[in-house]
Amino acid sequence: MKFIRVPIIKTLRGSPFQALENHANIIRESAGLLEEEFKDYINEQFEKFDDKRKKIEELELKADYIKSNIRNHLPVKFRLPIDRDTFLSLIGEVDKVEDLIQDIGEWILIREKPMPENLKEDFMRLFQKTLESIRTCEQAVDYLNILVKSSFAENERKKLKEITHKLHRIEHESDIIERNTTRKIFSMENEISAAALFHLSKLVFLFGDIANHAENTGDRIRALLAR
Amino acid sequence: MLIIAIITSLYMAWNIGANDVANSMGTSVGSGALTLKKAVIIAGVFEFLGAFLVGKHVTNTISNGIVNPALFELNIFAIGMLSSLIAASLWVTIATYLGLPVSTTQSIVGAIMGFSAVLNIHLICWGKVIDIVTSWIISPLSGALVAYIIFLIIKKTILSKNNPIEAAKKTLPIFIFFTFFVMSMSIIYKGLTNLALDFGLVYSLLISGLAGLAAMIIGYILLRRYNYEYENNEDKYNKLEKLFIHLQVMTACTVAFAHGANDVANAAGPLATIVDIFNGVSVSSKVTIPLWVLVLGGAGIVLGISTWGYRVISTIGKKITEITPTRGFSAELSTAFIVLLFSKLGIPLSTSHVLVGSVLGVGIARGLATVNYKVIKNIIYSWILTIPIAMIFSAVIFLFLKFLFI
């Protein structure tokens, strides 16, 4: 940088939207790993867990680093084309999704006991819904980037708004599955141990929480879009 | 003394080429529109053409607009101009080392004021100086405004359409027309006296219009040949950026041309005066500008680009990849327009600052992901600092040289 005096160089900095997209890619990768881990759990292949758990942990650290990097490199003097505070809380919500993926990975591992046969189907359904909410959340983040590229074109704005509506719908559907599954677990309270009841019902809660935070992500994005 | 003047003037031109050229080419290299080698060659050609064809208006202002040569003893005036060159070069070198975004233009204007102030503060043509300083404030603002409007037009007519690529093919010929019109107008209207050609306003408008039209038709045909099919929404904007790459190269050339036209004066202006005095031309209100002085200035700039400028261009290119071709096109077209306009009016201004203004203008139109407004503060500091420091440097050097020569 010595002997360079071009003020334009100080005017711009890397796009935080691109960084957010990188974060979303990490979520995509960990969600894939979680899917494998969860299938192993359902199929009672507990010995396969450990390396996946470790990989998810590494990814979570990487995502955390991206998150703080975005925060540290957005001083107040930098103007974004959108509201800065809402954008920062959007990052928080997206990162929460990644945190929960890691939490679930760890929580499954804490109690290596087979799942009662008649709950498996419900859990698979709940898990599929969670995956759907994660994917839609990524899609929303990716689309935010397209919106910036198009300089907030109206038609792209509408499409992004539709994605956020979809996140709402998924959260609602996930809620219903969550309630039914919990009810079913408690209806079996005499057949299963108290430990199993606690472990399974918390698992349900964690899955449901992912959909909640994915929905929050959508809400933050909608707040960014509001004119 | 003439030799010292030529060397300093060359150094000044080298400095202009080495650093400021990155303004025109940095974004194009950053977006991958041009390879570094091509950028250096194109910059060299267009800087030289700008300096040679349009450079004399501002050169005239520098050599006799800021102070009135008729009020000086000739040899004292020559020493003064030499001191200004040395002082401005010195300050620009120090500031560059410190990484301050100072402008060569502002340094030379300050330096010329400096040596005159030592003799008599009333020798400075305050009216002209106020014009120049005001234009330093107006030019980035108008750059921002024009860039804002251009980007808004692109947004409304291209980006917000369902098929932006098809929309671009319709709108872009108009931009091509505008660019070529401005460029040829700046060359033809009162411009070709170097080549003993002088057209009136009407003919100039007519010829420029024809040049623009020709470019527009060629552009239209070339654009029609591009067939960018896109797969999804993200791809759509990436392909659009690719289409704009060609136009960004065009505006980059225009900025290089405009920069040559405006900034060659910083090196050539004082030298032209000194050469005239040595040739015994009676320096009255009108300095004749020997063509070889402009050629020398242009050559110095080209030398600067090829010896150091390419490093600055590649550094900048890596740093500002945020400026995609659509954004770069808007900012550069605006910069070129403003700089050429002021060059024709004979007002020396800082291309870097206009470019920053233009980029901020695109940012205000929500075209950029992040914009650092702190840079405005840096620029204002450089305004406040440069004039007094260049004045002091020039005054001290002047007194020393006067003692030495007389």
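Here is a chat about a predicted model of two chains, A and B.

Biologist: Let's begin with the chain contact: how many residues does each of chain B and chain A put in?

Modeller: Count the two sides of the contact separately. Chain B brings 43 residues, and chain A brings 30 residues.

Biologist: Which element gives the most to the side of chain B that touches chain A?

Modeller: Several elements of chain B supply at least two residues each to that side, among them helix H2 (22-30), helix H5 (74-98) and helix H14 (374-405). One helix gives the most, with six residues, and that is H13(B).

Biologist: And by class, how many nonpolar, polar and charged residues are on the side of chain B that touches chain A?

Modeller: Charged residues number six there. The other two classes are 16 polar and 21 nonpolar.

Biologist: Back to H13(B): is it mostly covered or mostly open, and how many of its residues are buried?

Modeller: H13(B) runs over residues 351-364 and reaches 20 Å from its first C-alpha to its last, close to the 20 Å expected at 1.5 Å a residue. A residue is called buried with 20 or more other C-beta atoms within 10 Å of its own. By that count H13(B) is mostly covered, and the buried residues number 13 of its 14.

Biologist: Just after H13(B), which residue takes a positive phi?

Modeller: Look in the loop between H13 and E1 of chain B. The residue there has phi near 60°, although it is not a glycine. With 17 C-beta neighbours inside 10 Å, it counts as partly exposed. It's Arg366(B).

Biologist: Glu44(A) has a positive phi too; is Glu44(A) buried or exposed?

Modeller: Glu44(A) is found in the loop between helix H1 (16-42) and helix H2 (49-72) of chain A, and its phi is about 60°. The cut-off for exposed is 12 or fewer C-beta neighbours. Glu44(A) has 10 inside 10 Å, so it counts as exposed.

Biologist: In E1(B), which residue is the bridge partner of Arg79(A)?

Modeller: Strand E1 (residues 78-79) of chain A and E1(B) pair in the antiparallel sense over two bridges. Within E1(B), the partner of Arg79(A) is Val371(B).

Biologist: Last one: how is H7(B) set relative to H8(B)?

Modeller: These helices pack at an angle of about 125°, with their axes 8 Å apart. Angles of 65 to 115 degrees count as roughly perpendicular and those over 145 as roughly antiparallel. An angle of about 125° fits neither class, so H7(B) is described as oblique.

Methods
Residues are numbered from 1 along each chain as its sequence is written. Chains are lettered from A and ligands numbered from 1 in the order in which they are written. This is a predicted model: local features need pLDDT of at least 70, side-chain atom pairs count only at pLDDT 80 or more; totals for chains, interfaces and linings use all residues. Helices (H or I, at least four residues) and strands (E, at least two) are DSSP runs, numbered from the N terminus. The expected span of a helix is 1.5 Å times one less than its number of residues. Axes are lines fitted to C-alpha atoms, for helices over the stretch in contact, and angles run from 0 to 180 degrees between N-to-C directions. Angles under 35 degrees count as roughly parallel, over 145 as roughly antiparallel, 65 to 115 as roughly perpendicular and the rest as oblique. Two residues are in contact if their C-beta atoms, placed from the backbone, lie within 7 Å. Ala, Val, Leu, Ile, Met, Phe, Trp, Tyr, Cys and Pro count as nonpolar, Asp, Glu, Lys and Arg as charged, and the others, Gly among them, as polar. Two strands pair if DSSP finds at least two bridges between them.
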